[in-house]
Amino acid sequence: MPKYNNPRRTWKYSNDFKVNAVQLSYVVGVTIKSVAEKLDIHPFMLSRWRKEYREGIIVADKRKKVAGQSKVKKALTKEQQLERENKQLKEELYIPKKVATVSCRGTSGRYRFIEKLRAEIKVVTLLKFFGVSKSGYYDWRERQPSARAIEDVELKKKIQQIFNENKGRYGSPRIFKALRKQGYCISKRRVERLYKSLNLVARVVKVTYSSAGTKRFLASGENLRPEGDVPKEKNQVWVADVTYLKVKGAWRYLSVIMDLYSRRIISWSLDKSRTAEVTKRTLRNAIKKRKPQGQLMLHTDRGVEYRGNLCQRVLKRRGIAHSLSRAGKCTDNAHMESFFHSMKAEVIRGNVFKTDEQLRTTLGSYINKYYNAVRLHSGINYCSPMEYEAIAA
């Protein structure tokens, strides 16, 4: 290293001095170190001057100086600074939308939100927004998971298993009841939280309402259960209805009878036509299976297939009272409407049936093996219909 004869805190060299020093260093056979010692400057300084000379920052009088280069750099720096400030403002506006209530969740809750959002927003910005320390956050990241967190992982696996076993038909309330039946001591809100964190969505179908149309049979027929009371025993009140299903673009008609006490489907028929013969066949099958004793009521809508002679003769011969929904009041037969809604959401929607046999097999598997035997029903204390009847027996 050269020895400075006149050391100063700041030494300013002229442009000509720098040019001469650089030109001397380019002479063949001369080293940068020897030139620096001769001029009493540091070799690193001379190396920097050589670089600035090549870039046009230091120039001889006959060379054209690169003008405005430092100003361009300054302008770029200002532009970058504005971009950074703009990005920071966007982040500050974005954070409250994502975590509007995070202040109520405690320090650990804030750390969890930071961990969740760190891929989108700088950690420093998040720490400043939540008012937590950097060291505390990184200490929290290195901690071992708590016992509750480990339990949540296992519960998520169980929730996913129940959801898959029921082919996506269970929402969080039914999964909660299923877990309680299996002996899990868990709250409903915890199941809802874990269910949501798995991004699970139960199969649903949009409810549609048709216009009332012509109000027929207003003068005859009576609703024998205006309060909609649920019976205390099986084979006291049956409800029936018909719905439409498609096979290769053509309508098929499903006639169903349910025991209102247990919500069990006791008889169903599928046909290409909506006639009194179909509902008569469904009714006779229900009577044959259940062999009802005592007073029995059948509640239906005001359709002609139930009020026709074929069906009415069977009802009178068996001494079954016939109750009718009020005109334009589909809620009088709400239990059957609810069953059709669940069935279409859980097994019909999203499937394309090419043959009648394919549809019939699907309905048989769903109604007989799943709905009656397995599916938990919210209206009967989250039991399956067959389980509910077995408990009451």
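**Close-up views of a predicted model**

**View 1. Lysine 157 is exposed, with a relative accessible area of 54%.** The model shown in this view and in the others is predicted. The cut-off for "exposed" is a relative accessible area over 50%, so lysine 157, at 54%, passes it. The side chain of lysine 157 meets that of glutamate 154 in a salt bridge, with N to O at 4.0 Å. Both residues belong to helix H8, where they stand three residues apart, about one turn of the helix. An α-helix has 3.6 residues a turn, so residues three or four places apart point the same way. Glutamate 154 has 46% relative accessibility and therefore counts as partly exposed.

**View 2. Aspartate 152 and arginine 193 are joined by a salt bridge.** The N to O distance between the two side chains is 3.3 Å. Aspartate 152 is in helix H8 and arginine 193 is in helix H10, so this pair ties together parts that are 41 residues apart in sequence. Is each partner buried or exposed? Aspartate 152 is buried, at 10% relative accessible area. Arginine 193 is partly exposed, at 41%. These two residues also belong to a network of salt bridges that links Glu151, Asp152, Arg190 and Arg193. By the rule used here, the model has a count of 16 salt bridges.

**View 3. Arginine 274 forms a salt bridge with glutamate 305.** The closest N and O atoms of the pair are 2.7 Å apart. Arginine 274 lies in the loop between strand E3 (264-271) and helix H11 (276-290), and glutamate 305 lies in helix H12 (residues 304-307), so the pair ties together parts that are 31 residues apart in sequence. Glutamate 305 counts as buried because its relative accessibility is 4%. Arginine 274 has a relative accessible area of 30% and is therefore partly exposed. Side chains of opposite charge can pair when their charged atoms come close.

**View 4. Arginine 169 is buried yet has no salt bridge.** Arginine 169 sits in the loop between helix H8 (147-165) and helix H9 (172-181). Which side chain of opposite charge is nearest to arginine 169? That side chain belongs to glutamate 346, and the distance is 4.4 Å. A salt bridge needs a side-chain nitrogen of Lys or Arg within 4 Å of a carboxyl oxygen of Asp or Glu. Arginine 169 does reach another part of glutamate 346: the side chain of the arginine is 3.0 Å from the backbone oxygen of the glutamate.

**View 5. Tyrosine 170 is in the loop between H8 and H9.** With 2% relative accessibility, tyrosine 170 counts as buried. Tyrosine 170 and leucine 200 are 30 residues apart in sequence. Their C-alpha atoms are 9.5 Å apart in space.

**View 6. Helix H6 (residues 123-130) has several buried residues.** They are Val123, Thr125, Leu126, Leu127 and Phe130. Glycine 131 comes just after H6 and takes a positive phi of about 70 degrees.

**View 7. Glycine 228 is placed in the loop between helix H10 (188-197) and strand E1 (237-247).** Its relative accessible area is 33%, so glycine 228 is partly exposed. How many residues along the chain separate glycine 228 from threonine 331? The two are 103 residues apart along the chain, and their C-alpha atoms are separated by 9.4 Å.

**View 8. Four arginines gather in a patch of positive charge on the surface: Arg284, Arg313, Arg317 and Arg318.** Helix H13 (residues 309-318) supplies the largest share of the positive patch, three residues. Arginine 318 is found in this helix, H13. The relative accessibility of arginine 318 is 55%, so this residue counts as exposed.

**View 9. Leu24, Val27 and Val30 make a nonpolar patch on the surface.** The area of the patch is about 200 Å². Leucine 24 lies in helix H1 (residues 15-25). Leucine 24 counts as partly exposed because its relative accessibility is 37%.

Technical notes
Residues numbered from 1 in each chain as written. Predicted model: local features only at pLDDT ≥ 70, side-chain atom pairs only at ≥ 80, totals over all residues. Heavy atoms only, no water. Patch = residues over 30% accessible without salt bridge, like charges linked within 9 Å, V, L, I, M, F, W, Y side chains within 5 Å. Areas by Shrake-Rupley, 256 points an atom, 1.4 Å probe, with all protein chains shown as cover. Lys, Arg positive; Asp, Glu negative; His and termini not counted. Charge placed at Lys NZ, Arg CZ, Asp CG, Glu CD. Helix = DSSP H or I, 4+ residues; strand = E, 2+ residues; numbered from the N terminus. Buried < 20%, exposed > 50% of the residue type's maximum accessible area, 1.4 Å probe, protein only. Polar contact = N/O pair within 3.5 Å; in protein donor to acceptor, adjacent residues only side chain to side chain.
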